[in-house]
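Here is a short guided tour, meant to be read with the model open beside you. We will begin with confidence, then walk through the sheets, a cavity and a few unusual backbone spots.

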Amino acid sequence: MSKKVSLSKAYDPQQVEDKWYAYWTAKDLFRARVDEEKEPFTIVIPPPNVTGSLHIGHALNNTLQDIIIRRKRMQGYMALWLPGTDHASIATHVKVEQELAEEGLDRHDLGREAFLERAWTWKEKYGATITSQLKRLGASCDWSRERFTMDDVCSRAVIESFIRLYDRGLIYRGDRITNWCPTCQTVISDLEVEHEPTSGKLYYVRYFTAGGDQHISVATTRPETILGDTAIAVHPDDERYQHLIDKEVLVPVLGRSIPVVADEYVDREFGTGAVKVTPAHDPNDFDIGARHQLRSVVVIGPDGRMTEEAGPFAGLDRYECRRLLIQRLEEDNHLLRIEDHEHAVGHCHRCTTTVEPLISKQWFVRMEPLAHPAIDVVKESKVTFIPARFSRVYLNWMENIRDWCISRQLWWGHRIPAWYCQSCDEIVVSATLPEQACSKCQGQKWRQDPDVLDTWFSSALWPFSTLGWPEETSDLAYFYPTQVLVTAYDIIFFWVARMVFSALEFTDEVPFTEVFINGLVRDAQGKKMSRTGGTGIDPLEAIDQYGADTLRFSLIVANAPGNDQRFYGEKFEGARNFTNKIWNAARFVLMNLGDYQPPAQQPSLSLVDRWILGRLDRTVRLANTHMDHYEIGEAAQQLYDFIWSEFCDWYLEMAKISLNGDDETKKDATRYTLWRTLETMLRLLHPVMPFVTEEIWQNLPHEGETIVLAPYPERVGPSYEQEHHHMEMIMEAVRAIRNLRAEVRIPPGECVDVLVHLDDESTPVWQELESVVRNLAQTQTPQYVEGKAPRQAATAVVSGATIYLPLAGLLDFDEEIARMDKDIETLQGELERTQSRLGSEQFRSKAPSDVVAKAEAKETELQAKLERLHELKAVFCDGDV
C-alpha cells in the first residue's frame, strides 16, 4: 500500500498531464513484447498524414482507440497499439512545391533527386508534429514501434507486394480513361474525386451530314470536347435515327467526318437521344469507342490547355476554348439552344480543381480476382462491422468495383519498380536495376518508370507491413492478425476494403476481425466543421484550455458507434465540471481517510455503504458490457451518472453523517467504503480519463506501481438489490421534501418539522435511515403519524410513505396567498396565449413540426404548474393537499 499524499485544492491539468505522460514513457509502460503466456491484442493506428496536425476527428478516433487498448492492457492482454504516419504522396508533394514556389522555383528546376531531398527534409521538420500532438492527447501507443509508410520496413513490403501481384497477372499497364488533376499534375483515383452539385449549362449542337441536307443533334455539358469527337451514338431501337445509322456527319468547326453508330448504352430519354462520343475524354465514351474500334483524339492536355488536335483553339485554356467555341457554333448555325442544367462535377479532393477525364497509360490492379475473397469474409462474418449496417456499404462497393489505377505522376512516394529497355521499351518488374540484358532485343540499358504508387497502395499493407512482412518475424507471428480496426466511415472504400483484400492475398488471413466505425464530428448545426469557416474546434487549443481528459470525455460521452455527433463548446464546460467533481470528491475522501489503510477483510457495513457498493457493482457490469460491444459513449455515460449523482450527490453527503459522528466502527466502515468505491471507480474510468485518474489513484492506498497496469474492474461484490430498493424509498422522500420546501419558499438553512405516515414495509427502513432524511432534507427528526392528514400542511406521496410538511408558523399565509394569486394570473395569461396559438389552423399547418411539439409541451407544463399552485393555495386557505 502506498503512502498518502494530499491533492492540491484546484486541479491543474497541464502540470498533471505532463508529469504522468513523462512517467509512463520513462517506465516504458506502453511497450508490447512477445509473450506466449499472454494473449495478444493489437490495434494499428489509422496513420495520419505526415503533413497534418491533430483535428477534432483525429481526437475522437484516437481517443476511442486509446480507451480500447488501455482497458485491454489492464485486463491482462499483451496490448499493442502500433503508431505511425503516412507519407501522403500528393499532400506532401504539394506542400514542398508550394515551398519551392515561394523561392521562385518548381520541382523541374531542382530535378528528382534534389526534390526528394527537400521532401525528406520537410518530412523531418514537420512530420513529428502530429505524433507529439497524439502524446498530448494521452495516446498510449508503443512508440518504440512507430512506423512510416516510406521507411525501410514498409517500403520493402510495398515493392514485394507489387512484384507478387505483377507476377500473378494482377497488375498491368494500359491505356485507360483516368481522372486527371491539371493542378496537381497527376492522375487521381475515383475515390479522390469529390462530385459537387453545380449549376451549369446544357448545350444543344447540330452535326450536319456532308451534303448538309440532314443533321443530328446532341446535348453536351462540355462543348470543348466536341473537337475530340470520333462518332455520334444512338440507341439501335430508336426509330428517330434509323435512317442515319452507319452514315457519317461532320464535326462542327473542324469538319472531320465521323460515323453514326448504334449502341445500347445510349439513354433515349436524355437530351436528344443521341450522344457525342469522345473516347479520349469520357470513361463511358472510351468503352463505346472500344466496342466500335473508334479512334481516340486527345484535344485537352495534362495542363488543361487544348492540344494541336483542337485546330484553331490549340493552346487555349479549356474554359476559354469553351467560350470561343460557343460563339463559333452560334455563328455557323450549329448551336440550337442553351439550357440551365444541374449536374455533378468532379473536383480534386486536394486542390478542388475540376478534374479532367484523360486517356493515358497507367498502372492498374485487376480487382475482380481480389474482390471475391474480400466479399466472402464479410458475408461469412470473419470480418464484422460495428455497426453492422456498414457491411452493406462495404459490400456494395466491392461488388461493383473497377480496376484500381495505382500510378501517380509525382516524385514523392514509392517509385514503381518497373524498368523499360531503352532500346525497345520491353518491361521488367524488379526491386532493383535489372542486371541482365533485355530478353527481347538484348539491350543493356534500362530506365525506371518515373511514376510513384498511389498512397493507398502502401496503406493497404499497413496491418502486416508494420509487423515486418514479408519477413516471418516473431512480431508478425504473435501480434497478427490484429483484433479491431477503429476508423471513420468515410474511408471504408479508400482503406478498409483495400486492407482486407491485400491481407487475404499476401497473408491468407483477414487483417482484423472487427471494424469499429466512428462517425464524424460536426458543428452545432450538423454541418461539417471548418477552421477557415470559423466552425472548427482546434483540439490542441482545447487541451491547453481544459486539459486532455476533458477533451476526451466531451468527445466520448453519449457518442454512438457509426453516428455523426454535433459538437459545441459547451460540451467542454460540462466535461470540465465533471473532472472537477471527481477531483473535489477525491479531496474529500483523502481528507477523511488520513493515514487509513484498508483491512484485509471487509468490515461490517451499513445499509448506505452496502447500497453504494451495489451501485458500483452495477456500474462495473454495465460499463464492461457496453465496452465489450464498443458502446463506449454509453459506458462513459454510466460512469458519469454513477460518479456525479450516486457517489458525489448522495453517498458523500450520507457519508458525512457517520464521519461526523462518534461511532468509530461506523466511521471505519465508511472510510473503507469511500476508499473501495473511489479506487474501483478510478480504475473503471482510467481508459477514458487517464491523467486525472492516475494522479488521484497514486494518492490513494493501492496495489501496484501505476493505474496503467492495475486490473480493470470486473465484478466487485454483491448487487445488494434490497438495499437499493430501500435507498430508493429514502432518496425519493428526500427529493419530495426538498421540492415541498422550494415550492413554499422555505429558506435553505431553516430546519423544519416533518410528519410521515408509513406502511408496514417502509417503517424499519425509515427508522434505520431517518438520520439521512434529517440531514439531507434539513428536517427535525421525523414524527410518525397515523390517521387523518394534518391541516395547513404541504403533502407529498412517495413509495411507502405520505409526507406532510406543516406550514403554520413558518410563513405569512396572507403574503403567500397574494404571491400565488399573482403567479396564477401570470401563468393563466401565458397558458391562454399558448392555447390560442395552438388553436390556429395556420400555425399548425405552416409551423415546423418541432415548433408545434414545443408549444404543445409548453401547454402541458403550464397546466401542471397551475394545478400545483391551486393545490398549494388550498393549503394556505386552511386546507390540506
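## Confidence in the model

Over residues 1–5 the pLDDT stays under 50, and the model has 16 contacts beyond four places in sequence for this stretch. Please keep in mind that this is a predicted model. Across the protein chain the pLDDT averages 91, and 97% of the residues score at least 70.

## The four-stranded sheet

Let us turn to an open sheet of four strands, whose order is S6-S5-S14-S16 and whose pairing is antiparallel. Strand S6 (186–188) and strand S16 (404–405) are at the edges; each has a single partner strand, so one side of each is left without a neighbour in the sheet. Helix H8 (residues 283–291) packs on this sheet and touches both strand S5 (171–181) and S14. The direction of H8 makes about 140° with that of S5.

Strand S14 (residues 356–365) and S16 run antiparallel and are joined by two bridges. One residue to pick out here is Val 365, whose bridge partner in S16 is Trp 404. On the other flank, the loop between S5 and S6 holds Gln 185. Although Gln 185 is not a glycine, it has a positive phi of about 60°. As a reminder, most residues other than glycine have a negative phi.

## The three-stranded sheet

A second stop is an open sheet of three strands, in the order S8-S7-S13, again with antiparallel pairing. Its edge strands are strand S8 (215–220) and strand S13 (335–348), each of which pairs on one side only. From one strand to the next, the twist averages 20°. Helix H9 (residues 318–331) packs on this sheet, where it touches S7 and S13, and its direction makes about 160° with that of S13.

How many bridges link S7 and S13? There are 13, in the antiparallel sense, and in this pairing Val 193 stands opposite Cys 348 of S13. Strand S7 (residues 193–208) is also joined to S8, by six bridges, and these two strands run antiparallel. Two places to look along that pairing are Phe 208, whose bridge partner in S8 is His 215, and Tyr 204, which stands opposite Ala 219 in S8. S7 and S8 form a hairpin with six residues between them, and Gly 212 in the turn has a positive phi of about 80°.

## Strands S9, S10 and S11

Strand S11 takes part in both senses of pairing. With strand S9 (residues 231–234), strand S11 (residues 257–262) pairs in the parallel sense over three bridges, and Val 234 has Ala 262 of S11 as its bridge partner. With strand S10 (residues 248–250), S11 pairs in the antiparallel sense, also over three bridges; here the bridge partner of Val 249 is Ile 258.

S10 and S11 form a hairpin with six residues between them. In its turn, Val 253 has a positive phi of about 70°.

## The cavity

How many cavities of 30 Å³ or more does a search of the whole structure find? The search finds one. The largest cavity contains about 80 Å³ of space. Its lining includes Val 365 and Trp 404, which you met above as bridge partners across S14 and S16.

Which helix gives the largest share of the lining? H15 does, with four residues. Helix H7 (152–167) and helix H15 (492–507) each supply at least two residues of the lining. By residue type, the lining divides into nine nonpolar, two polar and one charged. Among the lining residues are Ser 161, Leu 165, Phe 457, Leu 461, Phe 501, Ser 502 and Glu 505.

## Cis peptide bonds

Two further spots deserve a look, given that most peptide bonds are trans. Ile 386 and Pro 387 are joined by a cis peptide bond, with omega about 0°. Pro 387 has its place in the loop between strand S15 (384–386) and helix H11 (390–399).

The peptide bond from Trp 469 to Pro 470 is also cis, with omega near 15°. Pro 470 lies in the loop between helix H13 (462–465) and helix H14 (474–479).

Definitions and conventions: Residues are numbered from 1 along each chain as its sequence is written. This is a predicted model: local features need pLDDT of at least 70, side-chain atom pairs count only at pLDDT 80 or more; totals for chains, interfaces and linings use all residues. Side-chain values use heavy atoms; hydrogens and water are left out. Two strands pair if DSSP finds at least two bridges between them. Contact means heavy atoms within 4.5 Å. Axes are lines fitted to C-alpha atoms, for helices over the stretch in contact, and angles run from 0 to 180 degrees between N-to-C directions. On a 1 Å grid over the protein atoms alone, a cavity is a set of points where a 1.4 Å probe fits but cannot get out, and a pocket is an open set with protein on both sides within 12 Å along at least five of seven lines; lining residues have an atom within 4 Å of a point. Grid points are joined across faces, edges and corners, and a volume is the space filled by probe spheres set on the points. Ala, Val, Leu, Ile, Met, Phe, Trp, Tyr, Cys and Pro count as nonpolar, Asp, Glu, Lys and Arg as charged, and the others, Gly among them, as polar. pLDDT is the predictor's confidence in each residue, from 0 to 100.
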